[in-house]
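Visitor: Hello! I am new to protein structures and would like to learn how to read one. Could you walk me through it?

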Amino acid sequence: IANFTITSNELSSGNLILDSFNEQIRLGSGVTSTSNTGIFLDSDGTFNLATDSDNFIRKNGSDLQIKSKNTFLSGSNVEILTPSFFLGSTTNNISGSDDGLAITTGEATLSGSSVDILTPNFFLGSDTSFISGSSDGLIMSSSEFRLDSTNLDIDSVLSEIRLNGIT
């Protein structure tokens, strides 16, 4: 029938195989649960939908793998619930675990009309020039320090403190 071969366990034609003994449907040349092309469906829930090694959706055992060069995910209520995650590359990423959130990047911008950063300890700067704070107090370290306001000027270079222009 239409170039199909029928055996006691299989119905096949070209690269399409319906296998009743193994309870599988395979579409593609030599397709398996981990092939980089084709469609594989097994009655145990294992499946593989692949166009190439960079674009596939597969479930093999307890793992669901989704890989794509370009992905579009949209919805009015999208939830991804996981105790740990990693988004990005080794040099630019956001990652999280049960212990916290890490942002790693060469440059970051945090902008908004109301941004609060609340922490009992902080460190801004480098080993030689920094501002840090903890429950013990505030430390500012620099080879040059200058604070200038309308009525108060503190200048470490000139070794002066002026209030309303008076030294």
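Guide: Gladly! Let us begin with a word we will need often: a residue is called buried when its relative accessible area is under 20%, exposed when that area is over 50%, and partly exposed in between. Please keep in mind that this is a predicted model.

Visitor: Then let me try the word on a pair. Are Asp19 and Arg26 buried or exposed?

Guide: Both Asp19 and Arg26 are buried. For Arg26 the relative accessible area is 14%, and this counts as buried because the cut-off is under 20%.

Visitor: What do the side chains of Asp19 and Arg26 form where they meet?

Guide: They form a salt bridge. The general idea is that a side-chain nitrogen of Lys or Arg lies within 4 Å of a carboxyl oxygen of Asp or Glu. Here, the N to O distance between Asp19 and Arg26 is 3.5 Å.

Visitor: How many salt bridges does the structure hold?

Guide: There are 5 salt bridges in the structure. Another of them joins Arg26 to Glu10, with 3.8 Å from N to O. That pair links distant parts of the chain, since Arg26 sits in strand β4 (residues 24-27) and Glu10 in strand β2 (residues 10-13), 16 residues apart. Glu10 is partly exposed, at 27% relative accessible area.

Visitor: Is there a salt bridge elsewhere that I could look up, and which residues does it join?

Guide: Try Glu160 and Arg162, whose closest N and O atoms are 2.0 Å apart. Glu160 has 25% relative accessibility and is partly exposed, while Arg162 is buried at 17%. Going back to the earlier residues, Glu10, Asp19 and Arg26 are joined into one network by salt bridges that share partners.

Visitor: Now the strands. How do I read the pairing of β2 and β3?

Guide: Look at the direction of the two strands and at the bridges between them. β2 and strand β3 (residues 16-19) pair in the antiparallel sense over 4 bridges. Within this pairing, Leu11 stands opposite Leu18 in β3. The two strands form a hairpin with 2 residues between them, and Gly14 in the turn has a positive phi of about 60°.

Visitor: What happens between β3 and β4?

Guide: β3 and β4 also pair in the antiparallel sense, over 4 bridges. This time Leu18 stands opposite Ile25 in β4. The hairpin of β3 and β4 has 4 residues between the strands, and Glu23 takes a positive phi near 55°.

Visitor: Which strands make up the open sheet, and in what order?

Guide: The open sheet has 3 strands in the order β12-β13-β14, with antiparallel pairing. Its edge strands are β12 (122-125) and β14 (137-141), each of which pairs on one side only. From one strand to the next, the twist averages 5°. β12 and strand β13 (residues 130-134) pair over 4 bridges, and you can find one partnership by looking for Gly125 and its bridge partner in β13, Phe130.

Visitor: Let us turn to the surface. Which residues make the nonpolar surface patch?

Guide: To read a patch, look for nonpolar side chains that share a stretch of surface. This one covers about 730 Å² and is made by Leu18, Ile25, Leu27, Ile39, Leu41, Leu49, Ile57, Leu64 and Ile66. β4, β5 and β8 (63-67) each supply at least two residues of the patch. Take Leu41 as one of its members: Leu41 is in strand β5 and is partly exposed, at 36% relative accessibility.

Visitor: And loops? Where is Thr46 found?

Guide: Thr46 is in the loop between β5 (38-42) and β6 (47-52). A loop residue can be read by its accessibility too, and Thr46 is buried, at 10% relative accessible area. Leaving aside neighbours within four places in sequence, Thr46 is in contact with Ser33, Phe40, Leu41, Lys59, Asn60 and Gly61.

Visitor: Is Ser76 buried or exposed?

Guide: Ser76 is exposed, with 86% relative accessibility. You will find Ser76 in the loop between β8 and β9 (85-88). For one last exercise, locate Ala50 as well: Ser76 and Ala50 are 26 residues apart in sequence and 28 Å apart in space, C-alpha to C-alpha.

Definitions and conventions
Residues are numbered from 1 along each chain as its sequence is written. This is a predicted model: local features need pLDDT of at least 70, side-chain atom pairs count only at pLDDT 80 or more; totals for chains, interfaces and linings use all residues. Side-chain values use heavy atoms; hydrogens and water are left out. Buried means under 20% relative accessible area, exposed over 50%, partly exposed in between (1.4 Å probe, protein chains only). Contact means heavy atoms within 4.5 Å. Patches are made of residues with over 30% relative accessible area and no salt bridge: like charges are joined within 9 Å, nonpolar side chains (Val, Leu, Ile, Met, Phe, Trp, Tyr) within 5 Å. Accessible areas come from the Shrake-Rupley method with a 1.4 Å probe; for residues, only the protein chains shown count as cover. Two strands pair if DSSP finds at least two bridges between them. Axes are lines fitted to C-alpha atoms, for helices over the stretch in contact, and angles run from 0 to 180 degrees between N-to-C directions.
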